[in-house]
Every structure is written in structure tokens, then in C-alpha cells.
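Trainee: Before we look at this model together, could you take me through the reasoning behind each label, setting every value against its definition?

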Amino acid sequence: MKTAFITGSSRGIGRAIALRLARDGFKIILHGVSESAKIRELKSTVEKNGGTAEIATADLCDLEATSRLVKAAANADVLVLNASVQYRTPWQNITPEECYSQLNCNFVSSMMLIQTAVPHMKEAGWGRIITIGSVQEAKPHPDMLVYSASKAAQTNMMKSLSLQLSKDGITVNNVAPGVIYTDRNIEALSDPDYAKKVTDSIPVGFYGKPEDCAGIVSLLCSDEGRYITGQSIYVDGGKSIL
Ligand code: NAP
């Protein structure tokens, strides 16, 4: 049985990906900042459906905590780098602390987890690495300068690694969501004026659900995905091209 490690899988998009990959037959390593009721409930759901799941925790803004976590990724066949933090701050007021916190979680931790998981993938001659990016790589929000830059940096790393690992049976891709209705944006979208502005910016005319991001991840993790590498795939209802 192959193992899939999904960061930030206690909730939202990561949760939907974990459930989908469990259904596809992967053993799942769930991850959150702490062992919350939500992550324990998700582990039981996977197990009730006949799957296998473990829980690993770490705050990925903290590089020492990330160093301790990486061991859990050492035998992963699939790595989905989904956890991120984002701050809304006008660019003139961004502090170095906010900057490093976002860079650590959204870029540095991804690199550290990849460094740990690749030796096993190379030995197996098979691996899948998927970074979760954002529509903000194409359309940066003015008040999320570091967040959008960190996602673009992660995608640039993905492209470099896809070339360097292409002969080892390892594919490396980025899935970039648009507006997906999760805990992260529930509050902002509860303002009807803001919600209308956002909906008007999405060609299909509605927000996505976490499950909308899971199908493409499932495809990329399957053998049918073996010829797709180095790509950034938007799951955004067309927002990135508007
Ligand atoms: P979410 O609902 O806010 O869930 C966040 C997940 O990340 C949770 O599992 C949380 O764990 C974990 N997490 C938060 N802070 C962390 C930290 N410091 N260290 C480690 N893990 C941390 O997120 P989401 O909306 O599903 O987003 C998932 C991914 O999609 C992110 O990379 C995000 O940038 C990207 N994305 C989302 C949207 C969107 O509209 N939702 C749009 C574009 C891109 P706990 O439960 O333990 O806190």
C-alpha cells in the first residue's frame, strides 16, 4: 500500500484530498498544527471507510518543529504540500516576522519535506509531489504580497524539481485553487458586497468546494498521471485568465 502525506489536511482542501486519496487506496498521513478534534474525527472517518490513517502535527511556520515533523514524511510515496498561512496587510506595513512566518510555512517547509521524501521515492522508482499554489500566483491580491510571492516561489521550485526528478519516476506538479469556500475565507465572504465582487471575478460565477480540488490531485497521484509533470494546473473557475 502506498502512503500519502498531506500537510494541512485537518480541514478544507487538504481534508478533501485526504478523503479522496484514502478512497483511492493510499494509507494517509494526516497533518495539522495540533491534534484537534477535527483531525481525530477525520482519522476515524477514513478508518470507518476501510482506510488507514495516522496523524502528524507541527506548526510549519516554526522550522524546528518542521525539522521534527519531516521524519513522518520519510516513507511517503505521495507528498501533497497543502498547508499555508496568509496575512492580509498593506505592503508598507508588512513586518519581517509576518514575512518569515509565511515563507517558512508556504515555501521552506515544502522544500524540507521534499528533501526528506525524495530518497524513498527514488528507491521505489515512483513518486508524486504536488504543491498547492493559488490563483494569486497569476492575480496577486494587493494586501497579500508575501503570500502570493511565496506561492509563486513554491511553483518555481516545483518546475525546477520536476526536471531534476523526471528520470526517477517522480512527477512534480502544482495545483492552484481559485476561491474555494473554506474556514480561511468564510468571514470575508460573509460581507455581501465583498462576496458579490469576488463572485463577479469568477467566470463560472460561483465559489469552488474543497472537493473540486481533489479530483485533479487523484489523477496526478494515479498511474494515469505519469506523463504530467512540471505543470501548474488552475482549479479556479477561470479566474486566473480573466
Ligand atoms: P484552511 O481551511 O484554512 O485549512 C488550513 C490547514 O492548514 C489546516 O489543516 C490547518 O491545520 C493547517 N495550518 C494552518 N496554519 C498552519 C501552520 N502554521 N502550520 C501547519 N499547518 C497549518 O485552508 P484551505 O482554504 O483549505 O487552503 C488549503 C490550501 O489551498 C492552502 O495552501 C491555500 O493557500 C490554498 N488556497 C486556498 C484557497 C481558498 O480559497 N480556500 C485559494 C487559493 C489557494 P489546523 O486545523 O491544525 O489549524
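Mentor: Let us begin with how elements are named: helices (H or I, at least four residues) and strands (E, at least two) are DSSP runs, numbered from the N terminus. This is a predicted model, in which local features need pLDDT of at least 70 and side-chain atom pairs count only at pLDDT 80 or more, while totals for chains, interfaces and linings use all residues. Residues are numbered from 1 along each chain as its sequence is written, and side-chain values use heavy atoms, with hydrogens and water left out.

Trainee: Which element gives the most to the shell around the ligand?

Mentor: That is α6, with three residues. A residue counts as near a molecule or strand if one of its heavy atoms lies within 4 Å of it, and 31 residues surround the ligand, the closest being Ser10, Asn82, Ser84, Tyr147 and Thr182.

Trainee: What makes the shell residues nonpolar, polar or charged, and how many fall in each class?

Mentor: Ala, Val, Leu, Ile, Met, Phe, Trp, Tyr, Cys and Pro count as nonpolar, Asp, Glu, Lys and Arg as charged, and the others, Gly among them, as polar. On that basis the shell has 12 nonpolar, 14 polar and five charged residues.

Trainee: What makes the approach of leucine 60 to the ligand a polar contact?

Mentor: A polar contact is a pair of N or O atoms within 3.5 Å; within protein, one must be able to donate a hydrogen and the other to accept it, and residues adjacent in sequence count only if both atoms are side-chain atoms. A backbone N or O atom of leucine 60 lies 2.8 Å from a nitrogen atom of the ligand, so the pair meets the distance limit. A polar side-chain atom of asparagine 185 lies 3.0 Å from an oxygen atom of the ligand. Taken alone the ligand exposes 900 Å², and the protein buries 90% of that, where accessible areas come from the Shrake-Rupley method with a 1.4 Å probe and, for residues, only the protein chains shown count as cover.

Trainee: Why is histidine 31 called buried, and which backbone atoms does its side chain meet?

Mentor: Buried means under 20% relative accessible area, exposed over 50%, and partly exposed in between (1.4 Å probe, protein chains only). Histidine 31 has a relative accessible area of 2%, so it is buried. This residue is found in strand β2, where polar atoms of its side chain lie 2.9 Å from the backbone nitrogen of glycine 8 and 3.0 Å from the backbone oxygen of alanine 58.

Trainee: Why is helix α8 described as largely enclosed?

Mentor: Six of the eight residues of α8 (residues 214-221) are buried, so the helix is largely enclosed by the rest of the structure. The buried residues are Ala214, Ile216, Val217, Ser218, Leu220 and Cys221. What covers them includes α1, β4, β5, β6 and β7, contact meaning heavy atoms within 4.5 Å.

Trainee: How do you know that cysteine 99 is in no disulfide?

Mentor: A disulfide is a pair of cysteine sulfur atoms within 2.5 Å. The sulfur of cysteine 99 is 12 Å from the closest cysteine sulfur, in cysteine 61, which is too far for a bond. A search of the whole structure finds zero disulfides. Cysteine 221 is in no disulfide either, since the nearest cysteine sulfur, that of cysteine 213, is 13 Å away.

Trainee: Are cysteine 99 and cysteine 221 buried or partly exposed?

Mentor: At 23% relative accessibility, cysteine 99 counts as partly exposed, whereas cysteine 221, at 2%, counts as buried.
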